[in-house]
Amino acid sequence: LPPPPAPAPVPAATAAAAPASVPASDGPIKTAHWFGGMGCAAHQLSSRFTASCYFDSDLGARAHFARSYPDAVRGSTFADSLFPGSDFLRAAQDCPVGFASPPCTDITHHNPMRNEASAGAELTIDCVRKLALANHEVFVVETSLSPLAAATSWLRSTMLLLQSSMCRSS
């Protein structure tokens with residue numbers, strides 16, 4: 001079969017213009033980094049984005065992030081950072097975009113000693129539960145698909161129930 005035809009070129013004026021529903025930005029888009037680690041997500045973003053706030057419980061990762069993003073508000077633990085009134089949460093509420101990379105050690109199938117009933121295994125679900133506090137317009141969660149792929153998984157069931165309740169409330 002011949003290859004599909006190439007798409008028609010888009011006129012430069014059309015390609016550069018944002019849709020009327022998208023407001024013009026006065027500067028970089030602020031991002032919040034939940035379980036930000038060493039800042040891989042922040043480092044990979046273009047200059048259209050800026051890391052406004054961050055948390056991670058690993059001291060070494062926090063120090064590395066601080067060297068790269070000294071002006072970002074930094075927190076340590078999930079509980080402290082998402083506590084109402086915390087510096088991280090106040091900064092996160094001003095970020096339209098959030099990135100979360102909760103640890104997946106207890107949910108990945110690559111770990112034969114995983115414990116899907118541990119508190120660490122629920123961190124992905126906890127991120128989704130706490131999303132309403134930050135009110136990001138876009139929230140990207142990097143996680144293993146393992147708990148969602150297992151038909152009998154407790155985590156999968158919980159995530160589906162949470163998704164269902166979020167859909168009903170919106």
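**A friendly note on the cores, the sheet and a few loop residues**

1. The largest nonpolar core has 18 residues, and Trp34 and Phe88 are the ones with the most contacts inside it. Please keep in mind as you read that this is a predicted model. The elements that contribute two or more residues to this core are β1, β2, α5 (87-92) and α6. A second core, separate from that one, has 7 residues, among them Ala51, Ala61, Phe65 and Tyr69.

2. Now for the overall layout. The protein chain holds 8 helices and 5 strands. Followed along the sequence, they come in the pattern α-β-α-β-α-β-α-α-β-α-β-α-α. Of the 170 residues in the chain, 35% are buried. The accessible surface comes to about 10700 Å², and carbon and sulfur atoms account for 61% of that surface. If you take the contacts between residues at least 6 apart in sequence, 53% join residues at least 24 apart.

3. The sheet is worth tracing on your screen. It is an open sheet of 5 strands in the order β3-β2-β1-β4-β5, with parallel pairing. At its edges are β3 (73-75) and β5 (138-141), each of which pairs on one side only. From one strand to the next, the twist averages 25°.

4. Where does helix α6 pack? Helix α6 (residues 123-134) packs on the sheet, where it touches β1, β4 (97-100) and β5. The direction of α6 makes about 140° with that of β1. Helix α6 is also one of the elements that give two or more residues to the core of 18 residues.

5. Strand β1 is a good place to check the register. Strand β1 (residues 29-34) pairs with strand β2 (residues 49-55) in the parallel sense over 6 bridges. Within that pairing, Lys30 stands opposite Thr50, and Ala32 stands opposite Cys53. On its β4 side, β1 is joined to that strand by 4 bridges, again in parallel. There, Trp34 stands opposite Ala100 in β4; Trp34 is also one of the two residues named for the most contacts inside the largest core.

6. What covers strand β4: one face or both faces? Both faces are covered, with Val97 and Phe99 buried on one side and Gly98 and Ala100 buried on the other. This fits a general pattern, because side chains in a regular strand alternate between the two faces of the sheet. Strand β4 also runs parallel to β5, and 4 bridges join the two. In that pairing, the bridge partner of Gly98 is Phe139 in β5.

7. Do have a look at His136, which lies in the loop between α6 and β5. Is His136 buried or exposed? His136 counts as buried because its relative accessible area is 9%, under the 20% limit used for buried residues. Leaving aside residues up to four places away in sequence, His136 touches Ala32, Trp34, Ala92, Cys95, Pro96, Val97, Gly98 and Leu131. A polar atom of the His136 side chain lies 2.8 Å from the backbone oxygen of Cys95.

8. Two backbone angles deserve a second glance. Most residues other than glycine have a negative phi. Phe35 has a positive phi of about 50°, although it is not a glycine. Asn135, also a residue other than glycine, has a positive phi near 60°.

9. How do the settings of these two residues read? Phe35 is found in the loop between β1 and α2 (40-44), and it is buried, with a relative accessible area of 10%. Asn135 has its place in the loop between α6 and β5, and it is exposed, with a relative accessible area of 60%.

Terms used: Residues are numbered from 1 along each chain as its sequence is written. This is a predicted model: local features need pLDDT of at least 70, side-chain atom pairs count only at pLDDT 80 or more; totals for chains, interfaces and linings use all residues. Side-chain values use heavy atoms; hydrogens and water are left out. Two strands pair if DSSP finds at least two bridges between them. Axes are lines fitted to C-alpha atoms, for helices over the stretch in contact, and angles run from 0 to 180 degrees between N-to-C directions. Contact means heavy atoms within 4.5 Å. Buried means under 20% relative accessible area, exposed over 50%, partly exposed in between (1.4 Å probe, protein chains only). Accessible areas come from the Shrake-Rupley method with a 1.4 Å probe; for residues, only the protein chains shown count as cover. A nonpolar core is a set of buried Ala, Val, Leu, Ile, Met, Phe, Trp, Tyr and Cys residues joined through side-chain atoms within 4.5 Å. A polar contact is a pair of N or O atoms within 3.5 Å; within protein, one must be able to donate a hydrogen and the other to accept it, and residues adjacent in sequence count only if both atoms are side-chain atoms.
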